[in-house]
Amino acid sequence: MNNKTWLVEARNVKKSFGKVEALGGITLNLEANNQYAVKGTSGSGKSTLLYLLGGLDRPSGGEIFISGKNLSLQTDDELAKFRNQFVGFVFQFHFLLQSMTCMNNILLPGRIRGGSIVEIQKDTHNLAQILGVTHCLEKYPYQLSGGEQQRINIIRALSLRPKLLLCDEPTGNLDSKNTELVTSLLKELASDYQSTLIVVTHDNDVSSKFKNQIVLKDGKLFEVL
Ligand code: ADP
Ligand code: MG
């Protein structure tokens with residue numbers, strides 16, 4: 001094995017919630033600009049792993065390095081900054097703020113980061129056109145269908161061109177046509193944006209689109225395909 005720096009290095013990562021051991025020691029290395037599906041039955045620890053990799057939560061044991069940086073050594077403020085600048089999240093249920101237009105939802109991470117949002121606005125119009133949601137930008141999330149909201153969510157997750165794009169069951173409440181569309185768009189956009197894509201799914205139709213598949217079972221790495 002050479003000495004290359006992996007984008008993500010997890011070393012014996014454990015996570016317990018009280019007596020429940022959600023992750024029992026996961027070790028894996030993920031490459032920059034690659035794409036991965038994380039599979040496994042419900043309760044196997046997929047979401048827990050994804051949240052730890054994105055710095056949304058801290059492991060109970062082990063270490064996570066992102067671009068060589070040890071997340072355990074970051075303060076909460078540093079972790080928040082890391083998430084804002086480094087990670088885009090897409091969840092099954094769209095965490096769009098209902099009181100804001102979709103455009104303002106998309107611009108929010110950029111406003112939190114500070115600095116100019118002109119580029120983000122430009123990207124947003126461009127992506128909205130590709131994803132067929134231009135007509136949604138000035139609407140409120142509740143005025144959109146599930147598939148439209150998920151596409152807005154994807155634009156927001158990409159707004160700061162994250163190195164790491166983490167998706168938790170992103171197609172979980174879409175019909176099969178939108179599932180296929182959203183999956184292929186995520187893959188295409190991640191590649192265009194040079195984001196490393198990790199998609200958690202229990203849907204074999206989604207995971208089969210990925211060359212790299214990480215299979216979890218009972219909080220352990222079962223196999224890597
Ligand atoms: P998956 O995403 O594969 O369905 P999760 O990572 O959500 O699995 O959960 C793994 C295990 O950890 C499950 O037994 C789940 O009940 C438990 N778990 C996850 N999050 C919490 C939490 N916040 N509090 C208590 N138990 C949790
Ligand atoms: Mg889950």
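How many residues of the shell around ligand 1 are nonpolar, polar and charged? The views below start there and then move on to the empty spaces, all in a predicted model.

**View 1. The shell around ligand 1 divides into three nonpolar, seven polar and one charged residue.** Going along the chain, ligand 1 has Phe17, Val20 and Ala22 around it, then Thr41, and then the run Ser42, Gly43, Ser44, Gly45, Lys46, Ser47 and Thr48. Two elements, strand S2 (20-30) and helix H1 (46-53), each put at least two residues into this shell. H1 has the largest share, with three residues.

**View 2. Oxygen atoms of ligand 1 pair up with Gly43, Ser44 and Ser47.** At Gly43, a polar backbone atom sits 2.7 Å from an oxygen atom of the ligand. Ser44 also offers a polar backbone atom, here 3.2 Å from a ligand oxygen. With Ser47 the partner is in the side chain: an N or O atom there is 2.8 Å from an oxygen atom of ligand 1. As for how covered the ligand ends up, it exposes 560 Å² when taken alone, and the protein buries 57% of that.

**View 3. The largest pocket holds about 480 Å³ of space.** Its lining runs to 18 residues, and those nearest the centre are Asn84, Val87, Phe89, Pro109 and Arg156. Which elements supply at least two residues each to this lining? They are helix H2 (76-86), strand S6 (87-91), helix H3 (102-113) and helix H5 (146-158). S6 gives the most, four residues. Sorted by class, the pocket lining comes out at 13 nonpolar, three polar and two charged residues.

**View 4. One cavity of 30 Å³ or more turns up in the model.** Rolling a water-sized probe over the atoms is a way to see where empty space is left. The largest cavity contains about 60 Å³ of space. Leu52, Gly55, Asp57, Arg58 and Pro59 line this cavity, together with Ile64, Leu71, Ser72 and Leu79. What classes do these lining residues fall into? Five are nonpolar, two are polar and two are charged.

Key
Residues are numbered from 1 along each chain as its sequence is written. Chains are lettered from A and ligands numbered from 1 in the order in which they are written. This is a predicted model: local features need pLDDT of at least 70, side-chain atom pairs count only at pLDDT 80 or more; totals for chains, interfaces and linings use all residues. Side-chain values use heavy atoms; hydrogens and water are left out. On a 1 Å grid over the protein atoms alone, a cavity is a set of points where a 1.4 Å probe fits but cannot get out, and a pocket is an open set with protein on both sides within 12 Å along at least five of seven lines; lining residues have an atom within 4 Å of a point. Grid points are joined across faces, edges and corners, and a volume is the space filled by probe spheres set on the points. Ala, Val, Leu, Ile, Met, Phe, Trp, Tyr, Cys and Pro count as nonpolar, Asp, Glu, Lys and Arg as charged, and the others, Gly among them, as polar. A residue is near a molecule or strand if one of its heavy atoms lies within 4 Å of it. A polar contact is a pair of N or O atoms within 3.5 Å; within protein, one must be able to donate a hydrogen and the other to accept it, and residues adjacent in sequence count only if both atoms are side-chain atoms. Accessible areas come from the Shrake-Rupley method with a 1.4 Å probe; for residues, only the protein chains shown count as cover.
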